[in-house]
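The following exercises concern a metal site and the salt bridges of one structure. Each task is followed by a solution in steps.

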Amino acid sequence: MRQNVAILGSTGSIGTQTLDVIDRIGSSHIDVLHLVANHRSPRLDEQAKRYSGATSAAVMVDGPKCLIDAVMDPRVDTVVVAVSGAAALEATIAACVRGLRVCIATKEVLVAAGALVMQLARDHGAALLPIDSEHSALFQAIQGYGPDTIDRMHLTASGGPFRTWSADQIQNATIADALNHPTWKMGGKITIDSASMMNKGLEIIEACWLYGLPESRIDVVVHPQSIVHSLVEFTDGSLLAQMGYPDMRLPIQIALLHPTKLDTGIPRLHPTQMGTLEFHAVDTAKFPALELAREAIRTGGTVPAVMNAANEAVVAGFLAGKCTFAQMHGIVAAAMDAVQPLDPMSLTDILDVDAQARAYVTSCLENHFGAS
Ligand code: MG
């Protein structure tokens, strides 16, 4: 069956790799109807020319509503959500309410509004398919098994650029150090999150929502080779892993096509090429973001949304030279204390605490940490 796709975030790392996958799959399977990016760029213009049937829009030119407009096109049946951060929230909710196939790379949406998004997806028959490589691995490993057969999930983490650094060295990490990820080439925000391991903290919360488990049953294991993308431990003790080269095009293709499998020529990993695979416990004292994320999802309500928004703002602040790498954690923790939690929560509540958390971080960066 042909699919008609809207790509939110078409010029970013996931967006461009999604188009590569679609080119490999071929236009007999998938048509690209909408390309939405953050701003106009030569890359967006080139994409619009290449997919001549597609409309293109840029949030900074056409306004944030262009994300929702693309999702609301009645011809669209598949949406790829690859916009960085909580900006994708309203469009994802619209896609769930329309009951579409929602291929989701933006974990911040599930962190900020997991309860709401999962409920709407269930109510309206939307299929939420993770693009995040760890969650795609978990998704593949649980196929055919009911939720009560799952004991634990083990998220693998490369450990990022600071895996072998001491806490003191991390204190003095520069922007260039933090952007130097050993395995994955990604956008700036997720690369900084990987260095602090906040990315893995966000992924714990993402897995809680996608697979209905408490955080206490989701472990993190450091696996520097990034070959095993995550593991599911079943109640009988069986452990299933999904393996492959660290190449996002495979999880993207699975999200687009599941349960169909096509050979699109994505490089394959032969067992003899795997070499030695290492797995280590994570040093939570060196990477306090992990416990912060666990605390946020345990508390629940709007606290994960506050943590997520504060983290987005503080990462932007770090990349702009407004705070050090080591200061980021304390500012996010302070925002979680400062913003009054709301319960029950609606989209309005989530957007409200999101704005408060960002304002709090901005004032912290200006008043306490700013160079000016
Ligand atoms: Mg991931």
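A residue is called buried under 20% relative accessible area, exposed over 50%, and partly exposed in between, with a 1.4 Å probe and protein chains only. This is a predicted model, in which local features need pLDDT of at least 70 and side-chain atom pairs count only at pLDDT 80 or more, while totals for chains, interfaces and linings use all residues. Residues are numbered from 1 along each chain as its sequence is written, and side-chain values use heavy atoms, with hydrogens and water left out.

**Exercise 1.** Determine which residues coordinate the magnesium ion and where Asp 132 and Glu 203 lie.

*Solution.* Step 1: donors are N, O and S atoms within 2.8 Å of the metal (3.2 Å for Na, K and Ca); water is not among the atoms, so sites may look incomplete. Step 2: Asp 132 (OD), Glu 134 (OE) and Glu 203 (OE) coordinate the magnesium ion at 2.0 to 2.1 Å. Step 3: the spacing of these donor residues in sequence is D-x1-E-x68-E. Asp 132, in the loop between β6 (127-130) and α7 (133-141), and Glu 203, in helix α11 (residues 198-211), are 71 residues apart and link distant parts of the chain. Here helices (H or I, at least four residues) and strands (E, at least two) are DSSP runs, numbered from the N terminus. Step 4: Asp 132 is buried at 8% relative accessibility, and Glu 203 is buried at 1%.

**Exercise 2.** State how many salt bridges the structure holds, and which residues the network of salt bridges links.

*Solution.* Step 1: a salt bridge is a side-chain nitrogen of Lys or Arg within 4 Å of a carboxyl oxygen of Asp or Glu. Step 2: the structure holds 23 salt bridges. Step 3: a network of them links Lys 107, Asp 132, Glu 134, Lys 200 and Glu 203.

**Exercise 3.** For the salt bridges of Arg 50 with Glu 46 and of Lys 65 with Asp 69, establish the position and accessibility of each partner.

*Solution.* Step 1: in the pair of Arg 50 and Glu 46, the closest N and O atoms are 2.9 Å apart. Both residues lie in helix α2 (residues 42-50), separated by four residues, about one turn of the helix. Arg 50 is partly exposed at 42%, as is Glu 46 at 38%.

Step 2: for Lys 65 and Asp 69, the closest N and O atoms are 2.9 Å apart. Helix α4 (residues 65-72) contains both, four residues apart, about one turn of the helix. Lys 65 is exposed at 55%, whereas Asp 69 is partly exposed at 39%.
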